[in-house]
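User: I'd like to learn how to read a protein model feature by feature. Could you walk me through this one?

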Amino acid sequence: MHAATTIEPTTHEALPARWYADAEQAEREQHAIFRRTWQVGALAHELAEPGSYATADVGGVPVVLTRDLEGELHALVNVCPHRAMVLATGAGRAKLLQCPNHAWTFTLGGRFRHAPRADREPGFCSDGLDLRRAAVCEWGPLVLVNLDAGAAPPRRELDAMRASVAAEGLDLDAVVLTGPVVDWDIKANWKIVCENYLECYHCAVVHPDFSKVFDVSAERYALKPDGDLLSAATPVKATRKVDEQQAVLRTDGGAVAGSVWHLLFPATTINVYPGEGAFEVTWYWPLDAHTTRGRTAVFLAPGTSAGYAEQVTALSLQVGEEDNRVCEQMHRGMASGGIERATLMEVNEALLVAFQRRVRELLG
Ligand code: FES
Ligand SMILES: [Fe+2]
(Lines give C-alpha, C1' and ligand atoms only; values in the text may rest on other atoms or scores of the structure.)
(Ligands and ions follow the chains in the order given, each with its own letter.)
Protein backbone atom coordinates (compact mmCIF):
# COMPACT_ATOMS: atom_id res chain seq x y z
CA MET A 1 0.00 0.00 0.00
CA HIS A 2 1.30 3.46 -0.84
CA ALA A 3 0.64 6.41 1.41
CA ALA A 4 -1.61 8.93 -0.28
CA THR A 5 -0.50 12.48 -0.91
CA THR A 6 -3.52 14.19 0.58
CA ILE A 7 -4.02 14.34 4.31
CA GLU A 8 -7.43 13.36 5.62
CA PRO A 9 -8.87 14.98 8.74
CA THR A 10 -8.16 12.86 11.81
CA THR A 11 -10.92 10.94 13.50
CA HIS A 12 -8.85 8.92 15.96
CA GLU A 13 -8.00 10.40 19.28
CA ALA A 14 -4.35 10.16 20.27
CA LEU A 15 -3.35 8.63 23.61
CA PRO A 16 -3.58 11.08 26.52
CA ALA A 17 -0.33 13.00 27.02
CA ARG A 18 -0.24 12.02 30.70
CA TRP A 19 0.17 8.34 29.65
CA TYR A 20 3.70 9.25 28.58
CA ALA A 21 4.83 10.61 31.92
CA ASP A 22 3.09 8.70 34.67
CA ALA A 23 4.71 6.03 36.85
CA GLU A 24 1.46 4.13 37.42
CA GLN A 25 0.71 4.10 33.71
CA ALA A 26 4.23 2.82 33.04
CA GLU A 27 3.61 0.00 35.52
CA ARG A 28 0.27 -0.85 33.86
CA GLU A 29 2.05 -1.04 30.50
CA GLN A 30 4.74 -3.35 31.88
CA HIS A 31 2.03 -5.79 32.99
CA ALA A 32 -0.46 -5.42 30.13
CA ILE A 33 1.98 -5.02 27.25
CA PHE A 34 5.60 -6.03 27.95
CA ARG A 35 4.71 -9.12 29.99
CA ARG A 36 2.15 -10.35 27.45
CA THR A 37 3.89 -9.78 24.12
CA TRP A 38 7.06 -11.00 22.39
CA GLN A 39 10.37 -9.36 23.19
CA VAL A 40 13.90 -10.10 22.07
CA GLY A 41 15.53 -12.17 24.80
CA ALA A 42 18.91 -12.93 23.25
CA LEU A 43 20.78 -13.26 19.98
CA ALA A 44 20.64 -16.78 18.58
CA HIS A 45 24.42 -17.22 18.50
CA GLU A 46 24.54 -16.74 22.28
CA LEU A 47 22.40 -19.86 22.66
CA ALA A 48 23.78 -21.94 19.82
CA GLU A 49 25.54 -24.55 21.97
CA PRO A 50 23.99 -27.00 24.44
CA GLY A 51 24.74 -25.76 27.96
CA SER A 52 24.61 -22.05 27.11
CA TYR A 53 22.52 -19.35 28.74
CA ALA A 54 21.76 -15.63 28.35
CA THR A 55 19.79 -13.22 30.51
CA ALA A 56 17.31 -10.46 29.77
CA ASP A 57 14.90 -8.07 31.42
CA VAL A 58 11.36 -8.57 30.14
CA GLY A 59 8.67 -6.24 31.42
CA GLY A 60 10.79 -5.63 34.52
CA VAL A 61 11.14 -9.38 35.19
CA PRO A 62 14.58 -11.03 35.09
CA VAL A 63 14.55 -13.87 32.55
CA VAL A 64 17.16 -16.50 31.74
CA LEU A 65 17.20 -18.26 28.39
CA THR A 66 18.96 -21.59 28.23
CA ARG A 67 19.78 -24.32 25.78
CA ASP A 68 19.82 -27.49 27.83
CA LEU A 69 22.29 -30.34 27.38
CA GLU A 70 19.85 -32.09 25.01
CA GLY A 71 19.73 -28.97 22.84
CA GLU A 72 16.25 -27.80 23.83
CA LEU A 73 15.64 -24.09 24.25
CA HIS A 74 13.96 -22.73 27.43
CA ALA A 75 12.97 -19.34 28.81
CA LEU A 76 12.66 -19.20 32.60
CA VAL A 77 11.92 -16.58 35.20
CA ASN A 78 15.38 -15.87 36.56
CA VAL A 79 14.35 -15.50 40.21
CA CYS A 80 15.26 -18.01 42.91
CA PRO A 81 12.19 -19.46 44.64
CA HIS A 82 14.14 -19.45 47.95
CA ARG A 83 14.85 -15.79 48.78
CA ALA A 84 14.19 -14.23 45.37
CA MET A 85 17.84 -13.82 44.41
CA VAL A 86 18.42 -13.24 40.72
CA LEU A 87 19.97 -16.53 39.63
CA ALA A 88 22.04 -15.98 36.50
CA THR A 89 23.70 -12.84 35.22
CA GLY A 90 25.19 -12.03 31.82
CA ALA A 91 25.62 -14.93 29.43
CA GLY A 92 27.83 -18.00 29.33
CA ARG A 93 27.98 -21.75 29.71
CA ALA A 94 26.73 -23.90 32.59
CA LYS A 95 25.56 -27.43 33.33
CA LEU A 96 23.13 -26.24 36.03
CA LEU A 97 21.78 -22.92 37.25
CA GLN A 98 23.16 -22.38 40.74
CA CYS A 99 21.88 -19.57 42.94
CA PRO A 100 24.75 -17.30 44.04
CA ASN A 101 23.09 -16.83 47.46
CA HIS A 102 22.55 -20.22 49.17
CA ALA A 103 23.55 -22.44 46.23
CA TRP A 104 20.20 -24.01 45.39
CA THR A 105 20.49 -25.62 41.98
CA PHE A 106 18.13 -26.01 39.01
CA THR A 107 18.51 -27.83 35.72
CA LEU A 108 18.82 -25.76 32.54
CA GLY A 109 15.19 -26.72 31.93
CA GLY A 110 14.24 -25.02 35.21
CA ARG A 111 13.61 -28.09 37.38
CA PHE A 112 14.53 -27.77 41.06
CA ARG A 113 17.49 -30.03 41.71
CA HIS A 114 19.02 -29.53 45.16
CA ALA A 115 18.98 -27.28 48.23
CA PRO A 116 21.95 -27.66 50.59
CA ARG A 117 20.92 -28.76 54.14
CA ALA A 118 17.34 -29.45 53.03
CA ASP A 119 17.78 -32.89 54.66
CA ARG A 120 17.76 -31.08 58.04
CA GLU A 121 14.33 -29.56 57.29
CA PRO A 122 11.62 -32.10 58.10
CA GLY A 123 8.98 -29.88 56.47
CA PHE A 124 10.93 -29.18 53.27
CA CYS A 125 9.04 -30.01 50.10
CA SER A 126 10.43 -29.42 46.63
CA ASP A 127 6.99 -29.28 44.97
CA GLY A 128 6.46 -25.93 43.31
CA LEU A 129 10.14 -25.00 43.42
CA ASP A 130 10.74 -25.32 39.68
CA LEU A 131 11.46 -22.04 37.93
CA ARG A 132 8.48 -20.38 36.26
CA ARG A 133 8.47 -20.90 32.51
CA ALA A 134 8.05 -18.34 29.74
CA ALA A 135 7.36 -18.96 26.05
CA VAL A 136 10.29 -18.89 23.66
CA CYS A 137 10.86 -19.07 19.90
CA GLU A 138 13.73 -18.66 17.46
CA TRP A 139 13.65 -16.44 14.41
CA GLY A 140 16.76 -16.00 12.27
CA PRO A 141 19.46 -14.38 14.42
CA LEU A 142 17.04 -13.68 17.31
CA VAL A 143 15.54 -15.58 20.21
CA LEU A 144 12.19 -14.16 21.27
CA VAL A 145 10.53 -14.56 24.63
CA ASN A 146 7.06 -13.97 26.03
CA LEU A 147 6.40 -14.05 29.79
CA ASP A 148 2.94 -15.43 29.04
CA ALA A 149 3.98 -19.11 29.02
CA GLY A 150 0.88 -20.09 27.03
CA ALA A 151 1.44 -17.57 24.23
CA ALA A 152 1.79 -18.96 20.71
CA PRO A 153 4.73 -17.57 18.71
CA PRO A 154 3.67 -14.75 16.36
CA ARG A 155 4.17 -17.04 13.34
CA ARG A 156 2.22 -14.96 10.83
CA GLU A 157 4.17 -11.80 11.65
CA LEU A 158 7.52 -13.61 11.76
CA ASP A 159 6.85 -15.36 8.43
CA ALA A 160 5.80 -12.06 6.85
CA MET A 161 9.00 -10.40 8.08
CA ARG A 162 11.11 -13.29 6.84
CA ALA A 163 9.46 -13.08 3.42
CA SER A 164 9.95 -9.32 3.22
CA VAL A 165 13.63 -9.57 4.19
CA ALA A 166 14.13 -12.38 1.62
CA ALA A 167 12.31 -10.34 -1.04
CA GLU A 168 14.92 -7.62 -0.55
CA GLY A 169 17.60 -10.21 -1.25
CA LEU A 170 18.87 -10.89 2.27
CA ASP A 171 19.14 -14.38 3.74
CA LEU A 172 18.14 -14.11 7.39
CA ASP A 173 19.91 -17.34 8.31
CA ALA A 174 23.20 -16.32 6.71
CA VAL A 175 23.66 -12.79 8.11
CA VAL A 176 26.72 -12.23 10.29
CA LEU A 177 26.85 -10.07 13.44
CA THR A 178 29.22 -7.15 13.05
CA GLY A 179 30.67 -4.91 15.73
CA PRO A 180 29.52 -4.76 19.32
CA VAL A 181 25.88 -4.96 20.44
CA VAL A 182 25.25 -1.43 21.71
CA ASP A 183 22.97 -0.26 24.54
CA TRP A 184 21.76 3.32 24.63
CA ASP A 185 19.31 5.24 26.81
CA ILE A 186 16.85 7.84 25.59
CA LYS A 187 15.20 10.34 27.93
CA ALA A 188 11.77 9.69 26.48
CA ASN A 189 8.84 7.38 27.10
CA TRP A 190 9.06 4.14 25.09
CA LYS A 191 5.86 4.99 23.18
CA ILE A 192 7.41 8.24 21.93
CA VAL A 193 10.42 6.27 20.69
CA CYS A 194 8.33 3.64 18.87
CA GLU A 195 5.89 6.17 17.47
CA ASN A 196 8.75 8.20 16.10
CA TYR A 197 10.11 5.06 14.42
CA LEU A 198 6.72 4.41 12.85
CA GLU A 199 6.45 7.61 10.86
CA CYS A 200 8.78 9.01 8.25
CA TYR A 201 6.73 12.19 7.97
CA HIS A 202 9.65 13.73 9.91
CA CYS A 203 12.41 12.24 7.72
CA ALA A 204 12.95 15.09 5.26
CA VAL A 205 13.22 17.57 8.14
CA VAL A 206 15.04 15.56 10.81
CA HIS A 207 17.18 13.23 8.63
CA PRO A 208 18.60 15.21 5.69
CA ASP A 209 21.39 12.71 4.91
CA PHE A 210 19.10 9.67 5.25
CA SER A 211 16.72 11.42 2.86
CA LYS A 212 19.50 11.69 0.23
CA VAL A 213 19.56 7.87 0.03
CA PHE A 214 15.96 6.85 0.64
CA ASP A 215 12.84 8.06 -1.12
CA VAL A 216 10.90 9.49 1.80
CA SER A 217 8.17 11.05 -0.34
CA ALA A 218 4.57 10.23 0.56
CA GLU A 219 4.16 8.63 -2.89
CA ARG A 220 6.96 6.09 -2.48
CA TYR A 221 7.24 5.50 1.27
CA ALA A 222 4.73 2.67 1.68
CA LEU A 223 3.10 1.95 5.03
CA LYS A 224 1.55 -1.39 5.89
CA PRO A 225 -0.05 -2.05 9.28
CA ASP A 226 -0.73 -5.79 9.60
CA GLY A 227 -1.67 -7.10 13.06
CA ASP A 228 1.35 -6.87 15.33
CA LEU A 229 3.62 -6.13 12.38
CA LEU A 230 3.84 -2.46 11.41
CA SER A 231 5.94 -2.07 8.27
CA ALA A 232 7.28 0.55 5.93
CA ALA A 233 9.29 0.11 2.76
CA THR A 234 10.88 2.48 0.31
CA PRO A 235 13.23 2.27 -2.67
CA VAL A 236 16.54 4.03 -3.00
CA LYS A 237 15.88 7.56 -4.17
CA ALA A 238 16.06 8.27 -7.88
CA THR A 239 18.55 11.11 -8.05
CA ARG A 240 21.04 12.75 -10.35
CA LYS A 241 23.23 13.52 -7.34
CA VAL A 242 24.55 9.96 -7.09
CA ASP A 243 27.88 11.11 -5.62
CA GLU A 244 26.11 12.89 -2.79
CA GLN A 245 23.95 9.82 -2.18
CA GLN A 246 26.88 7.43 -2.18
CA ALA A 247 28.83 9.61 0.21
CA VAL A 248 26.14 8.53 2.68
CA LEU A 249 25.60 4.90 1.60
CA ARG A 250 26.81 2.93 -1.43
CA THR A 251 23.79 1.28 -2.97
CA ASP A 252 24.99 0.43 -6.49
CA GLY A 253 25.74 -3.12 -7.53
CA GLY A 254 24.49 -4.50 -4.22
CA ALA A 255 22.25 -7.48 -3.73
CA VAL A 256 19.59 -5.56 -1.81
CA ALA A 257 17.40 -3.18 -3.81
CA GLY A 258 15.34 -1.26 -1.29
CA SER A 259 14.84 -0.79 2.42
CA VAL A 260 12.29 -2.19 4.84
CA TRP A 261 11.47 -0.97 8.31
CA HIS A 262 9.46 -3.29 10.54
CA LEU A 263 8.21 -2.90 14.07
CA LEU A 264 7.06 -6.06 15.77
CA PHE A 265 4.70 -4.80 18.44
CA PRO A 266 5.45 -3.49 20.93
CA ALA A 267 9.08 -2.50 20.63
CA THR A 268 11.30 -4.59 18.35
CA THR A 269 12.48 -2.88 15.17
CA ILE A 270 14.07 -4.56 12.18
CA ASN A 271 15.66 -2.63 9.32
CA VAL A 272 17.03 -3.85 6.03
CA TYR A 273 19.44 -1.49 4.27
CA PRO A 274 20.00 -1.46 0.53
CA GLY A 275 23.32 -2.10 -1.22
CA GLU A 276 25.50 -4.99 -0.18
CA GLY A 277 22.94 -5.80 2.49
CA ALA A 278 22.62 -5.07 6.20
CA PHE A 279 20.04 -6.15 8.72
CA GLU A 280 19.72 -4.12 11.90
CA VAL A 281 17.71 -5.04 14.98
CA THR A 282 16.94 -2.71 17.85
CA TRP A 283 14.76 -3.68 20.72
CA TYR A 284 13.52 -1.21 23.31
CA TRP A 285 12.22 -1.48 26.81
CA PRO A 286 11.11 1.10 29.37
CA LEU A 287 13.36 1.74 32.38
CA ASP A 288 10.68 4.07 33.75
CA ALA A 289 8.03 6.43 32.35
CA HIS A 290 10.72 8.88 31.22
CA THR A 291 13.53 6.59 30.07
CA THR A 292 13.82 3.96 27.35
CA ARG A 293 16.74 1.64 26.73
CA GLY A 294 17.52 0.48 23.22
CA ARG A 295 19.84 -2.38 22.27
CA THR A 296 21.10 -2.52 18.71
CA ALA A 297 22.77 -5.32 16.77
CA VAL A 298 23.86 -4.96 13.14
CA PHE A 299 24.19 -8.01 10.89
CA LEU A 300 25.68 -8.04 7.41
CA ALA A 301 25.27 -10.21 4.36
CA PRO A 302 28.30 -12.53 4.15
CA GLY A 303 31.28 -11.07 2.30
CA THR A 304 30.23 -7.45 2.80
CA SER A 305 32.99 -4.87 2.34
CA ALA A 306 34.40 -3.03 5.36
CA GLY A 307 33.55 0.31 3.71
CA TYR A 308 29.86 -0.55 3.39
CA ALA A 309 29.74 -1.83 6.98
CA GLU A 310 31.22 1.47 8.18
CA GLN A 311 28.72 3.48 6.16
CA VAL A 312 25.75 1.52 7.52
CA THR A 313 26.98 1.87 11.10
CA ALA A 314 27.64 5.60 10.69
CA LEU A 315 24.25 6.21 9.07
CA SER A 316 22.45 4.21 11.74
CA LEU A 317 24.25 6.14 14.47
CA GLN A 318 23.51 9.49 12.86
CA VAL A 319 19.81 8.71 12.34
CA GLY A 320 19.63 7.34 15.88
CA GLU A 321 21.08 10.55 17.31
CA GLU A 322 18.77 12.71 15.22
CA ASP A 323 15.77 10.66 16.38
CA ASN A 324 16.86 10.75 20.01
CA ARG A 325 17.03 14.52 19.96
CA VAL A 326 13.48 14.87 18.67
CA CYS A 327 12.20 12.08 20.96
CA GLU A 328 13.64 13.79 24.01
CA GLN A 329 12.10 17.13 23.04
CA MET A 330 8.73 15.50 22.24
CA HIS A 331 8.86 13.79 25.61
CA ARG A 332 9.57 17.11 27.34
CA GLY A 333 6.53 18.59 25.65
CA MET A 334 4.31 15.59 26.26
CA ALA A 335 5.31 15.32 29.94
CA SER A 336 4.90 19.05 30.54
CA GLY A 337 1.10 19.06 30.53
CA GLY A 338 1.30 21.69 27.78
CA ILE A 339 -1.19 19.77 25.66
CA GLU A 340 -3.78 17.16 26.61
CA ARG A 341 -3.00 14.87 23.71
CA ALA A 342 -1.11 14.88 20.43
CA THR A 343 -2.79 15.10 17.01
CA LEU A 344 -2.76 12.06 14.73
CA MET A 345 -2.26 12.27 10.96
CA GLU A 346 -4.18 9.20 9.86
CA VAL A 347 -2.51 8.83 6.46
CA ASN A 348 1.08 9.90 7.03
CA GLU A 349 1.08 8.30 10.47
CA ALA A 350 -1.03 5.24 9.70
CA LEU A 351 1.41 2.91 11.51
CA LEU A 352 1.45 5.14 14.57
CA VAL A 353 -2.37 5.11 14.61
CA ALA A 354 -2.32 1.28 14.49
CA PHE A 355 0.30 1.21 17.27
CA GLN A 356 -1.83 3.38 19.55
CA ARG A 357 -4.90 1.25 18.82
CA ARG A 358 -2.97 -1.86 19.92
CA VAL A 359 -1.71 -0.10 23.08
CA ARG A 360 -5.30 0.77 24.00
CA GLU A 361 -6.51 -2.77 23.22
CA LEU A 362 -3.95 -4.39 25.51
CA LEU A 363 -4.60 -1.93 28.30
CA GLY A 364 -8.29 -2.79 28.02
S1 FES B 1 18.09 -17.09 47.45
FE2 FES B 1 18.60 -18.61 46.07
S3 FES B 1 19.37 -20.19 47.27
FE4 FES B 1 18.75 -18.72 48.69
FE1 LIG C 1 13.56 9.23 12.48
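User: Which protein donors does the iron ion (ligand 2) have?

Analyst: Some ground rules to start with: this is a predicted model, where local features need pLDDT of at least 70, side-chain atom pairs count only at pLDDT 80 or more, and totals for chains, interfaces and linings use all residues. Residues are numbered from 1 along each chain as its sequence is written, chains are lettered from A and ligands numbered from 1 in the order in which they are written, and side-chain values use heavy atoms, with hydrogens and water left out.
Now the metal. Donors are N, O and S atoms within 2.8 Å of the metal (3.2 Å for Na, K and Ca), and water is not among the atoms, so sites may look incomplete. Here they are His-202 (NE2), His-207 (NE2) and Asp-323, the last listed with two OD entries, at 2.0 to 2.6 Å from the iron ion (ligand 2).

User: What is the geometry of the site of the iron ion (ligand 2)?

Analyst: Four donors count as tetrahedral if all angles lie between 85 and 135 degrees; four count as square planar and six as octahedral if opposite donors are over 155 degrees apart and all others between 65 and 115; anything else is irregular. In this site the angles among the four donor atoms run from 54 to 153 degrees, and the label is irregular.

User: What spacing do the donors of the iron ion (ligand 2) follow along the chain?

Analyst: The spacing reads H-x4-H-x115-D. His-207 sits in the loop between α4 (203-206) and α5 (210-213), while Asp-323 belongs to helix α7 (residues 306-335), so this pair links distant parts of the chain, 116 residues apart. For the names: helices (H or I, at least four residues) and strands (E, at least two) are DSSP runs, numbered from the N terminus.

User: Are His-207 and Asp-323 buried or exposed?

Analyst: The cut-offs are under 20% relative accessible area for buried, over 50% for exposed, and partly exposed in between (1.4 Å probe, protein chains only). Both His-207 and Asp-323 are buried.

User: On to sheets. What is the order of the strands in the open sheet of seven?

Analyst: In general, strands of a sheet pair through backbone hydrogen bonds, either parallel or antiparallel. The working rule is that two strands pair if DSSP finds at least two bridges between them. This sheet goes β11-β17-β16-β15-β14-β13-β12, with antiparallel pairing. β11 and β12 (222-226) are the edge strands, each with a single partner, so one side of each has no neighbour in the sheet. On average, neighbouring strands are turned by 15 degrees against each other, direction ignored.

User: How many bridges join β11 to β17?

Analyst: Eight bridges join strand β11 (residues 176-186) to β17, and Asp-185 has Arg-293 as its bridge partner in β17. With strand β16 (residues 278-288), β17 makes ten antiparallel bridges, Ala-278 being partnered by Leu-300. β16 and β17 also form a hairpin, with two residues between them. Strand β17 (residues 291-300) is largely enclosed by the rest of the structure, because eight of its ten residues are buried.

User: Which strands does α7 lie across?

Analyst: Axes are lines fitted to C-alpha atoms, for helices over the stretch in contact, and angles run from 0 to 180 degrees between N-to-C directions; contact means heavy atoms within 4.5 Å. α7 lies across β11, β15, β16 and β17, at about 15 degrees to β11. Helix α2 (residues 155-167) lies across β12, β13 (229-235), β14, β15 and β16, at about 165 degrees to β14.

User: How many aromatic pairs does the structure hold?

Analyst: Rings of Phe, Tyr and Trp (its six-membered ring) pair if their centres lie within 6.5 Å; planes under 30 degrees apart count as stacked, over 60 as edge-to-face and the rest as tilted. The structure holds 14 aromatic pairs. One of them is Phe-112 with Phe-124: the centres are 6.0 Å apart and the planes at 45 degrees, so this pair is tilted. Phe-112 counts as buried at 15% relative accessibility, whereas Phe-124 is partly exposed at 30%. Phe-214 and Trp-261 have centres 5.4 Å apart and planes at 80 degrees, so they are edge-to-face. Both Phe-214 and Trp-261 are buried.
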